[in-house]
Amino acid sequence: MRLLLADHYRTARQSLNRARLRTLLTVTGVAIGVASITAILALSGGVGKVVSKQVAELGGHVAVVRPAAGKATLADLSNPTPMNAYSTSPLSEQDVETIAQLPATEAVAPVMTLSGSIRTKDGQPPEESIVVATTPTLPSVVDLPIADGQFIDSVTRDNTAVIGAQLSVDLYGTEQSIGKNVLIRGQPFTIIGILNRQAKPVNFNNIDFDHAAIISLKSGKLFNGGVAQIQQINVLASPGTNMDAFGQDIDQALRLNHDNQPDADVFVGKEIAQPTSDLFKFISLVMAVIASISLLVGGIGIMNIMLVGVSERTREIGLRKAVGASNMTIVSQFIIESLIISALGGLLGFAGGYFVAFVVSLFIPYDPTFEWSIAGWAATLSLGVGLIFGLYPAIRAARKDPIESLRRYH
Amino acid sequence: MSKRASTPVIQLTDLKKRFGIGDAEHFALDGVDLTVQKGEFIAIMGPSGCGKTTLLNIIGLLDRATDGEYLLDGRSVEDLRAGVHARIRAQQIGFIFQSFNLIERLNVLENVALPLTYSGMHHTKRLQRASDVLRGFHLQEREYYMPWQLSGGQTQRVAIARALVNDPSIILADEPTGNLDSKSSHVIMEELSEIHKKGNTIIMVTHNPNLTTYATRVITMLDGRIDTDTGEPRQGLTDANGKRPLSGNGKKPKAKRKRKVKK
């Protein structure tokens, strides 16, 4: 049997070699399908990977509390703005206090984001900017190295701000802007620190710190009618804490504050890394489906070309049967031929898919991820396509009547 | 040699083959009884549509009889599965076709080695064996030619080499000279009778009465039945082989024998 496989491989290579252009075109068809699936898997995997890497860098002891999101439906995706976009966050300063008092909590930092312009006295506001109000504990929970100056702390005055490196460049044309005055929502703030350039627009805070101005929570409240509007609470647990149990503890503690209602979701470990946007998941899914359609088209190409090959080689099939090939032998001979086509397509598509993914990643804020599971998918899909679409032509070849086949084209 | 004692290579009893159904039903073979001993060279003659080729196909296990019994080497093959038939074809039967049927994209050597693929021989060994057989046909220097580079006669000699390569117990030839001019035809027939002399059993279907002179036994068929049969080893294998002066050039004895055969 092993010998016969080697023979089939040799035969298949010969016959594919003879119709090189045809083979190449069919291979390309499969390659395009596999490439698109590979690219989509690599890129969508990249998003989660970026965040989970950041969580891992923090030692994996981070828990994140976010307002409970209502169950998103497909209709929400197409609504211009989902209803819950207008609901206020139920997380309060009291919740931050509550979490801070849990025994396993090492540090806790609320994050309150505000919209509004950031500009110099006579300049235009930069295109991209965000105001973040938080407590001095944030750098202990989130990796936020300071390039210059200092972070806000308990003794700094309220009208001081720490800004991201790119925001500094956008405002002043330089990263050296310590001591300068900036207008945030029209109020003057003094810059006391510049953050290191991070280039991590995707992170679990959903904040691009390169473009952020960080102010104290107290100043943030002043912009919001004296009420803290907390979007997220980052919690650092002491080393060795069981994070799942810790997450439940936080949840229990928060329910006491919220009339036993599930107002907040607590995320630990991998959950933090999962893209929260249903839209993103939905789009990835739709793209994967579209990509599978192109793979399907590739498969139909295989079937087409195999059927042509079978009818071209009717006489050869008849002869092979006459000299002792069984139906199974003929089936496996043609299956192997289609498997070679699809395997080549798979290889080419896998490489091409990563090429596309890297090119695309130049324009989007994260890199494609390499995982063996993606290689596994590419291999499985391409070989599966070869098998499924090669089966019918192979069976047709095997079913040919040797007498009829040998009589044809006399 | 040991005519009576050994089992016949082929034994057909009341073999029938029906084509079509209902009104269109007709029997291509309508009760054929035939016993072929080892070492016979049989020529089957008859008008078109008399069932010669059908008989050959059934003997070669490419087709199944509708009715009747077929013993190959003493073993009934009627009820065997298709896979077993394929194995028997690979090991015991050699085919020679009118239209040669070499595979165009394989060279001569690979074409000859083809049947060995299905008896599980290693690639290199196969080519060696094929090369040995080709040497017997003085085609060794053509080993790496492609089929389209050969003349008709050469092509058929390659095809005969292919039929012999697996050392079959029986060689079936369906009008082996049908596509050849008379000169090449005789070359081919010389080759066949050469093979026959080495002890091979050959069944050949032909339209050409001249060629029957090479055979040890001539059967004519009519309407799916055996019409005339010069009979089992009437001029037995040993006689024929020993005395026939054909192998050299033999034009004369051919004419003489022809008359004898046709009565």
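In this predicted model, the secondary structure of chain B comprises eight helices and 10 strands. Chain B has 263 residues, and 47% of them are buried. Its contacts reach well along the chain: of those linking residues at least 6 apart in sequence, 72% connect residues at least 24 apart.

A convenient way into the fold of chain B is the pairing of helix 3 (residues 108-117) with helix 5 (residues 152-164), whose axes come within 7 Å and cross at roughly 35°. The crossing of helix 3 of chain B past helix 5 of chain B is right-handed. On the helix 3 side, the residues involved are B:Val108, B:Asn111, B:Val112, B:Leu114 and B:Pro115, and they meet B:Val158, B:Ala161 and B:Arg162 of helix 5. Sorted by class, this helix-helix contact contains six nonpolar, one polar and one charged residues.

One member of that contact, B:Val112, also belongs to the largest nonpolar core, where B:Val112 ranks among the residues with the most contacts, together with B:Ile42, B:Ile44 and B:Ile203. This core holds 117 residues. Interestingly for a core with those four residues from chain B, its largest share, 12 residues, is supplied by helix 2 (residues 20-57) of chain A. Beyond its neighbours within four places in sequence, B:Val112 is in contact with B:Val158, B:Ala161 and B:Arg162, and also with B:Ala130, B:Val133, B:Leu134 and B:Val165. A separate core of 56 residues lies apart from the largest one and includes A:Val55, A:Ile118, A:Leu144 and A:Leu171.

Turning to the interface, 23 residues of chain B are in contact with 20 residues of chain A. Helix 2 and helix 3 are the elements of chain B that give two or more residues to this side, and helix 2 of chain B gives the most, with six. The side of chain B that touches chain A is made up of 10 nonpolar, nine polar and four charged residues. Within helix 2 (residues 82-92) of chain B, the buried residues are B:His85, B:Ala86, B:Ile88, B:Arg89 and B:Ala90. These buried residues pack against helix 11 (314-322) of chain A, and, within chain B, against strand 4 (67-72), strand 6 (93-96) and helix 3.

In chain A, the domain assignment gives domain 1 (2-50 + 280-407) and domain 2 (61-268). The C-alpha centres of these two domains are 50 Å apart. A:Ile184 is located in strand 7 (residues 181-184) of chain A. With 22 other C-beta atoms within 10 Å, A:Ile184 counts as buried, the threshold being 20 or more. Leaving out residues up to four places away in sequence, A:Ile184 touches A:Gly116, A:Ile118, A:Val131, A:Ala161, A:Phe189, A:Ala213 and A:Ile215; of these, A:Ile118 is also among the residues of the 56-residue core. A:Ile184 and A:Leu406, 222 residues apart in sequence, are separated by 88 Å from C-alpha to C-alpha.

Back in chain B, B:Lys183 offers a contrasting environment. This lysine is found in helix 6 (residues 182-197) of chain B. B:Lys183 is exposed because 9 other C-beta atoms lie within 10 Å, where 12 or fewer is the cut-off for exposure. B:Lys183 and B:Gly153 are 30 residues apart in sequence, while their C-alpha atoms are 8.8 Å apart in space.

Methods. Residues numbered from 1 in each chain as written. Chains lettered and ligands numbered in written order. Predicted model: local features only at pLDDT ≥ 70, side-chain atom pairs only at ≥ 80, totals over all residues. Domains from an automatic or database assignment. Core = buried A, V, L, I, M, F, W, Y, C linked by C-beta atoms within 7 Å. Contact = placed C-beta atoms within 7 Å. Axes fitted to C-alpha atoms, helices over the stretch in contact; angles between N-to-C directions. Left-handed = near helix turned anticlockwise from the far one by under 90°. Nonpolar A, V, L, I, M, F, W, Y, C, P; charged D, E, K, R; others polar.
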